Amino acid sequence: MAQVPLQKCEICEINDGRRYCTDCEQYFCKTCEEFHLKSKACRDHVFQDLGQINPEEKGSELKDIVDKLVHGKVANVTTEEEVILQKKIEEERILKNAQKRAEMVLLKVTNAVENQGDTMLLNSHQSLQQAMQSMSDIAKSDLEFPF
């Protein structure tokens, strides 16, 4: 069994921490351990003698915990990115549809304006023809008078 260097009690910081709470992951002296176990929240905590603690095993456990947390966070970020990407794709589809509808409306308006111009030109042409016909009628009537 590997020797573990003595730690100070993490509660009183005076005595050597010869006991280790596996739940809190803290070193305790015997006195602080007794107070710790009297607390309702901590009465079921498990303690080990300092000589029973294998730091390599503890480090491996901590690494596994950190790895799980990191993996979970990466998975969350990946999922969030996929959701954001799907939203962006849907927004792009909606915008493209709106753009197509706007282009159709613009085409209809343009055609209406062009047709209105044609209508105005036709009306002007008809008015001009009527005016010319009237002038022709007036000129004919002037010619019909005897001198």
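The exercises below, each with a worked solution, concern a predicted model of a protein chain.

**Exercise 1. Overall make-up**

Task: state how many helices and strands the protein chain has, and give their order from the N terminus.

Solution. Begin with the count: the protein chain has 2 helices and 5 strands. Next, read the elements from the N terminus, which gives β-β-β-β-α-β-α. Then turn to burial: of the 147 residues in the protein chain, 12% are buried. The exposed surface of the protein chain is about 12,400 Å², and carbon and sulfur atoms supply 59% of it. Finally, take the contacts in the protein chain between residues at least 6 apart in sequence; 33% of these join residues at least 24 apart.

**Exercise 2. The nonpolar core**

Task: list the residues of the largest nonpolar core, then list the contacts of Cys9 beyond its neighbours within four places in sequence.

Solution. The largest nonpolar core consists of 6 residues, namely Cys9, Cys21, Phe28, Cys29, Cys32 and Phe47. In general, nonpolar side chains in soluble globular proteins tend to be buried together. For Cys9, set aside the neighbours within four places in sequence; the contacts are then Asn15, Asp16, Gly17, Tyr27, Phe28, Cys29 and Cys32.

**Exercise 3. An aromatic pair**

Task: classify the ring pair of Phe28 and Phe47, and say which strands the pair ties together.

Solution. A search of the whole structure gives 2 aromatic pairs. In the pair of Phe28 and Phe47, the ring centres are 5.2 Å apart and the planes stand at 75 degrees, so the pair is edge-to-face. The cut-off used here is over 60 degrees between planes. Now place the residues: Phe28 is in strand S4 (residues 26-28) and Phe47 is in strand S5 (residues 47-49), so the pair ties together parts 19 residues apart in sequence. As for burial, Phe28 and Phe47 are both buried.

**Exercise 4. Cysteines and disulfides**

Task: decide how many disulfides the structure has, and check Cys12 and Cys24.

Solution. The search of the whole structure returns 0 disulfides. For Cys12, the nearest cysteine sulfur belongs to Cys9 and is 3.7 Å away, and Cys12 is in no disulfide. For Cys24, the nearest cysteine sulfur is that of Cys21, 3.8 Å away, and Cys24 is likewise in no disulfide. The cut-off that settles the matter is a pair of cysteine sulfur atoms within 2.5 Å. On accessibility, Cys12 is partly exposed, with a relative accessible area of 27%. Cys24 has 28% relative accessibility and also counts as partly exposed.

**Exercise 5. The two sides of helix H1**

Task: determine which residues of helix H1 are buried, which are exposed on the other side, and what the buried ones pack against.

Solution. In helix H1 (residues 30-38), the residues Cys32, Glu33 and His36 are buried. Around the axis they cover an arc of only 105 degrees, so they lie on the same side of H1. Phe35 and Lys38, on the other side of H1, are exposed. The buried residues of H1 pack against S3, S4 and S5. Take His36 as a case: its relative accessibility is 12%, so His36 counts as buried. Not counting residues up to four places away in sequence, His36 touches Cys21, Cys24, Phe28, Cys42, His45 and Phe47.

**Exercise 6. A loop residue**

Task: locate Thr22, decide its exposure class, and give its C-alpha distance to His45.

Solution. Thr22 sits in the loop between strand S3 (19-21) and S4. With 26% relative accessibility, Thr22 counts as partly exposed. Thr22 and His45 are 23 residues apart in sequence, and their C-alpha atoms are 7.2 Å apart in space.

Technical notes
Residues are numbered from 1 along each chain as its sequence is written. This is a predicted model: local features need pLDDT of at least 70, side-chain atom pairs count only at pLDDT 80 or more; totals for chains, interfaces and linings use all residues. Side-chain values use heavy atoms; hydrogens and water are left out. Helices (H or I, at least four residues) and strands (E, at least two) are DSSP runs, numbered from the N terminus. Buried means under 20% relative accessible area, exposed over 50%, partly exposed in between (1.4 Å probe, protein chains only). Contact means heavy atoms within 4.5 Å. Accessible areas come from the Shrake-Rupley method with a 1.4 Å probe; for residues, only the protein chains shown count as cover. A nonpolar core is a set of buried Ala, Val, Leu, Ile, Met, Phe, Trp, Tyr and Cys residues joined through side-chain atoms within 4.5 Å. Rings of Phe, Tyr and Trp (its six-membered ring) pair if their centres lie within 6.5 Å; planes under 30 degrees apart count as stacked, over 60 as edge-to-face and the rest as tilted. The arc is that of the directions from the helix axis to the C-beta atoms.
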